[in-house]
Amino acid sequence: MAVTAMYDYNWPSRSAAEFYGDAQLVHVWWKGNPFFVSAATFPFPKEMPFGALVGLCKEFFAADPDFDPASMDTARWAVDKEPLTPDMEASLVANGVGHKSLVQFEI
Amino acid sequence: MTVSPEKPARKLSMKQRYSALTHDLDWAPTYVQEEEIFPFTTFEGIKVHDWSKWEDPFRLTVEAYNKYQAEKDRRLYAVLDGFAQSQGQVGLTDARYMNAMKIFLQGIPVHEYNAHRNFSYLARYANGPGARFAALCQSMDELRHAQTEIHTLSHYNKYFDGMHHWHHWTDRVWYLSVPKSFFEDAMTAGPFEWLIAIGFSFEYLLTNLLFVPFMSGASFNGDLPTMTFGFSAQSDESRHMTLGLEAIKFMCEQDEDNVPIVQDWLDKWFWRGYRLIALVAGMMDYMHPKRVMSWKEAFELYFEEQMLNGLFKDLEYYGIKPPRHVQWAIDEKEILSHQVYWVLYQFSHAAAFSTTIPNAEDQAWLEANYPETWPVFKEVAWDKAQRVMDAGGRYFNPGLPQLCTVCQIPMGFTEPGNPLVQCQRQSVYEGERYDFCSDGCQWIFDREPTKYRQAWLPVHQIFQGNCGGPGGLPAVAEWYKLGPNDGAEYLGSNDQKNWLAWHGQTPKEA
Amino acid sequence: MQIELRTQVIEPERKTFTNLVDRFGDRPASRYEEGSIDIQSVANFHYRPLWSADHEIYDADYTAFKLEDPYSFTDPRQLYYAPYVQSRAAMNEAFVKTIDYVEKKDLLQKLPAGWDALVGEVLVPLRHWEAGAELVSVEGSRWAYGTTIDQCCVFAAFDRIGNAQNLSRVGIVYGEGHDGALAAAKQRWLEAPEMQGLRRLIEEVLAGTTGQDYAAKLLTVDLTDRLIYGLMYNLLDEAALTGGAGAYSLVAQHFSSWFGDQRRWIDQLVKTWFADPTYGESNKAAFDAVLATRWAQIVEAVSDLAAAVDARIDAGASASVAASAAAVAADLAALGLTVPGGN
Amino acid sequence: MSAPTASRPVGVDLQENEENRALVEAIEADNDDLTIRHMPGIIRLTKNGRLVINQASVEQRLGRPWETHEFQMAIITYFGEFVEWDDDQIVIAWQH
């Protein structure tokens with residue numbers, strides 16, 4: 001829907017992909033564990049392998065005293081709510097992760 | 001001229017006199033077109049046929065306004081002076097109470113001030129003299145509120161951290177973008193939308209929740225100055241509520257075609273305002289050491305009973321329905337404050353207030369007031385946070401949160417009926433994804449995507465290097481100008497140390 | 001049980017807010033400073049206005065008059081809300097005492113014929129000038145950059161609607177408690193030839209026929225006020241005393257003392273604009289532009305008013321306005337400004 | 001159709017202090033079936049239908065002249081609508 005304004009109101013996004021160069025924002029969400037009150041946003045390189053994201057997650061979510069890093073190896077993944085069996089060697093982009101995508105896992 | 005020996009009684013009634021002193025000052029221009037003088041009141045599509053139908057039941061004149069406002073301020077400043085002279089801060093329930101007032105100072109006066117500026121816009125550009133004068137009085141009031149709030153908290157600033165740089169923080173720090181984006185959203189709208197946004201939805205529907213139980217709570221916690229300014233501000237607020245109510249009725253009565261536009265604005269601004277005052281829910285239930293009533297009870301009393309059962313029955317007459325997404329708000333009343341405080345707790349290392357785990361007394365109160373939701377929340381959140389604490393740590397979230405594009409609160413609100421799973425909504429507009437915490441925020445974005453995609457989202461800006469460059473959190477904190485004592489954990493904080501010293505205690509005794 | 005007297009002095013952590021320490025040094029700040037400096041948002045605005053394609057919510061570009069540091073201007077009266085309403089409550093109380101006295105003694109009914117006509121046909125219609133000036137003032141309250149300027153504007157707006165109401169009360173008393181005199185006065189504002197110059201001026205200013213610069217508009221009104229107030233509330237105040245119209249003087253004194261207060265902040269603002277290290281010269285040029293477009297119109301409009309005064313009483317109004325205009329022009333020239341028509 | 005206005009509550013929250021005692025007493029005297037609730041600093045008065053504040057009742061208890069404008073010094077919030085605010089009376093009710 002167009003904004004009703006006194007002129008053609010078409011201001012651009014201030015979070016657009018172009019502002020992040022070779023990186024893109026990615027939201028990582030541990031679904032079902034509200035100890036992390038919300039998903040976390042990261043500026044990940046587009047070409048970063050998915051496996052590197054998993055590696056970072058193992059460190060990041062260790063803030064939860066009950067977290068077992070090994071459990072991530074069997075996590076169920078989804079990107080933008082579509083289930084995904086990630087190719088750990090392939091890049092985020094190749095795994096369908098775009099700018100401001102929601103990468104979620106359940107363990 | 002003949003002079004009668006006995007003066008007759010005043011010949012003009014209060015209403016006629018008010019009309020002579022306000023409405024009658026106006027005239028229809030003939031040297032220029034009316035729309036040249038009032039250029040902003042047509043583009044929104046609101047049709048007004050007769051501005052003289054705008055009613056102001058208060059019928060204040062400048063003389064009466066100055067007289068009563070001067071008296072209110074005399075009383076208020078006497079309380080402030082007395083409190084400062086007697087070192088009243090020593091008599092608060094606890095220093096951690098001050099954290100609520102830190103958020104208040106950082107997040108409220110600047111927006112009272114914004115309201116002042118935009119009511120000046122209405123006072124200038126509304127076509128009708130009645131509406132303009134009511135707006136001018138409100139502009140003055142809002143300036144008053146900004147200043148009395150600053151002056152009230154000025155004394156506390158001398159003795160507590162987390163207040164001294166509020167004006168710098170308010171334009172920059174992440175959680176303060178929540179109120180900032182709310183008011184800037186309203187200020188960038190046209191004059192009629194502003195009236196529905198702030199005049200009606202915020203002032204009439206929602207500010208009671210901010211001011212009444214919260215200020216009563218201040219009194220309960222020994223904060224007499226805050227109670228006094230709060231109630232004093234509220235006495236102006238009743239005029240503002242009246243303006244808001246008049247605004248919605250006026251628009252609906254002027255033309256049937258206005259009703260759907262007003263309904264859309266009401267739907268938008270109810271949700272926008274409700275999300276904003278979620279912060280108050282967290283402050284009331286978790287940051288006040290002693291509580292008058294829970295958020296849930298306040299919501300039932302001041303929103304469900306007064307507004308849904310009272311006001312909206314009245315507005316049915318015009319074809320106005322209760323706000324879209326109101327049921328979502330009702331469903332959230334059991335859980336809202338837990339989620340908000342949990343956000344504040346885990347990100348207070350990057351904030352100008354401190355937080356701490358609710359103590360045994362707090363927990364008993366939470367259990368009694370939220371018997372359904374507190375035990376669930378306690379288990380997944382606070383028990384774990386306590387274990388981290390017991391092991392010598394302090395749980396802070398190691399990252400930056402995903403923010404809702406519209407309300408800008410970290411996306412910690414959960415799906416209705418499922419307190420363990422956060423609500424995730426996404427829209428794609430012109431190829432770009434946007435995230436939302438709720439159906440309400442998503443609906444608002446989808447109506448006006450080219451407005452909300454401009455949002456200066458703090459997390460996104462940090463990653464663009466616009467908040468102190470690429471140096472990570474330390475660089476951001478420096479750019480925020482946060483001092484070492486302004487945030488993080490309350491226990492062991494400078495505030496707590498001072499508090500204990502004032503009371504002749506050491507941390508161990510506490 | 002022992003009661004220990006607390007003798008310890010609690011040392012404050014700081015004297016005031018950090019922005020004020022940064023600006024003024026480590027000293028306690030006044031309530032004026034805490035409530036007026038740096039209150040307005042300045043950074044990271046979220047959305048663009050729906051009603052303007054080329055401005056931010058707060059934007060120094062709403063006017064050509066600029067300050068490198070907006071807070072280099074402070075109100076010489078140091079008025080924030082509480083002292084403002086307190087001082088105005090006192091002023092209103094004094095006015096009410098006057099008007100009640102005037103009413104009780106039927107003083108407006110006892111005016112000499114010329115003064116009687118002057119009050120009904122020239123003075124009371126000026127309530128509409130005040131109402132228009134109120135709108136110009138409150139426009140500044142929205143568009144000014146910085147709280148200290150905005151605050152002076154909103155107080156001026158409130159003062160002026162108050163002036164309009166006070167003139168209306170004069171009209172009600174003049175009309176012996178009815179609003180008939182107000183209706184007649186409004187008719188004069190709309191139709192009497194001597195009022196049309198002022199009405200055209202204020203309508204054009206509000207419409208922005210020579211631009212939407214709020215500060216230029218304020219200055220236009222102020223220049224006009226200097227002549228109107230000089231005539232109606234200074235010259236005629238004196239003339240009333242010698243002309244047997246004491247009631248006029250009783251009323252006029254309130255307006256002239258208000259105007260003295262009003263001019264203090266405007267003079268200070270102009271002084272600050274002109275002294276600005278970066279914008280001083282461009283501010284002067286902007287003032288010159290106001291004079292070039294409006295000065296002749298202002299003098300003519302108030303001269304028409306003076307002629308109407310001269311038609312009713314013998315107080316030398318036209319000559320006085322001409323002298324006032326010359327004096328104002330000389331003041332402006334002394335500031336380095338160019339006044340059209342010679343100084 | 002909405003519920004009749006007579007059966008829907010309206011109300012005011014006033015500052016609970018010595019200055020407002022006469023006002024509260026006047027409201028209590030002039031409004032039957034008033035519900036009263038106390039909170040710290042606040043007295044909340046609610047009633048179904050219509051709530052009336054009479055200048056004469058307040059003045060009688062106060063022992064001095066009282067302008068209806070003075071009500072603004074006492075009020076914290078209200079719900080309903082000011083359907084009348086005159087020299088001698090203030091009425092809060094729903095309209096429809």
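In which helix of chain C does C:D261 lie? In this predicted model, C:D261 belongs to helix α10 of chain C, which runs over residues 246-275, and the legends below begin with that residue.

**View 1. The surroundings of C:D261 in helix α10 of chain C.** C:D261 has a relative accessibility of 17% and therefore counts as buried, since the limit for that class is under 20%. Its side chain makes a polar contact with the side chain of C:R77, at 2.8 Å. When neighbours within four places in sequence are left aside, C:D261 is in contact with C:R77 and C:R88, so that C:R77 appears both in this list of contacts and as the polar partner.

**View 2. Confidence along chain C, including residues 1-5.** The average pLDDT of chain C is 96, and 97% of the residues score at least 70. Over residues 1-5, however, the pLDDT is below 50, and this stretch has 0 contacts in the model beyond near neighbours in sequence. Where pLDDT is low, the predicted coordinates should not be read in detail.

**View 3. The buried helix α4 of chain B.** Helix α4 of chain B covers residues 98-107, and because 10 of its 10 residues are buried, the helix is largely enclosed by the rest of the structure. The buried residues include B:M98, B:M101, B:I103, B:F104 and B:L105, and among them are also B:N99, B:K102 and B:Q106.

**View 4. B:F229 and the residues that it touches.** B:F229 lies in helix α10 of chain B, residues 224-254, and counts as buried because its relative accessible area is 1%. Not counting residues up to four places away in sequence, B:F229 touches B:L76, B:F104, B:T148, B:E149, B:T152, B:F211 and B:M215; one of these, B:F104, is also among the buried residues of helix α4 of chain B. The C-alpha atoms of B:F229 and B:K72 are separated by 9.4 Å, although the two residues are 157 residues apart along the chain.

**View 5. The interface of chain B and chain C.** Here 99 residues of chain B are in contact with 94 residues of chain C, and the two chains bury about 8,600 Å² between them, with 58% of that area on carbon and sulfur atoms. B:W27, B:Y31 and B:R117 supply 10% of the area that chain B buries against chain C, which is more than any other three residues. The count between these chains is 6 salt bridges, and the side chains of B:D161 and C:R14 meet in a salt bridge with an N to O distance of 2.7 Å. The count of residue pairs in polar contact, with both residues at pLDDT 80 or more, is 60. On the side of chain B that touches chain C, helix α6 (residues 129-157) gives the most, with 14 residues, and by class this side has 45 nonpolar, 29 polar and 25 charged residues.

**View 6. The interface of chain A and chain C.** In this view 8 residues of chain A are in contact with 9 residues of chain C, and the area buried between the chains is about 660 Å², of which carbon and sulfur atoms give 58%. A:Y7, A:W11 and A:R14 lose the most area to chain C, together 58% of what the side of chain A buries. That side divides into 6 nonpolar residues, 1 polar and 1 charged. Across this interface the rule finds 0 salt bridges, whereas 6 residue pairs are found in polar contact, both residues being at pLDDT 80 or more.

Key. Residues are numbered from 1 along each chain as its sequence is written. Chains are lettered from A and ligands numbered from 1 in the order in which they are written. Side-chain values use heavy atoms; hydrogens and water are left out. Contact means heavy atoms within 4.5 Å. Buried area is the accessible area (1.4 Å probe) that two parts lose on being put together, summed over both. A salt bridge is a side-chain nitrogen of Lys or Arg within 4 Å of a carboxyl oxygen of Asp or Glu. A polar contact is a pair of N or O atoms within 3.5 Å; within protein, one must be able to donate a hydrogen and the other to accept it, and residues adjacent in sequence count only if both atoms are side-chain atoms. Ala, Val, Leu, Ile, Met, Phe, Trp, Tyr, Cys and Pro count as nonpolar, Asp, Glu, Lys and Arg as charged, and the others, Gly among them, as polar. Buried means under 20% relative accessible area, exposed over 50%, partly exposed in between (1.4 Å probe, protein chains only). Helices (H or I, at least four residues) and strands (E, at least two) are DSSP runs, numbered from the N terminus. pLDDT is the predictor's confidence in each residue, from 0 to 100.
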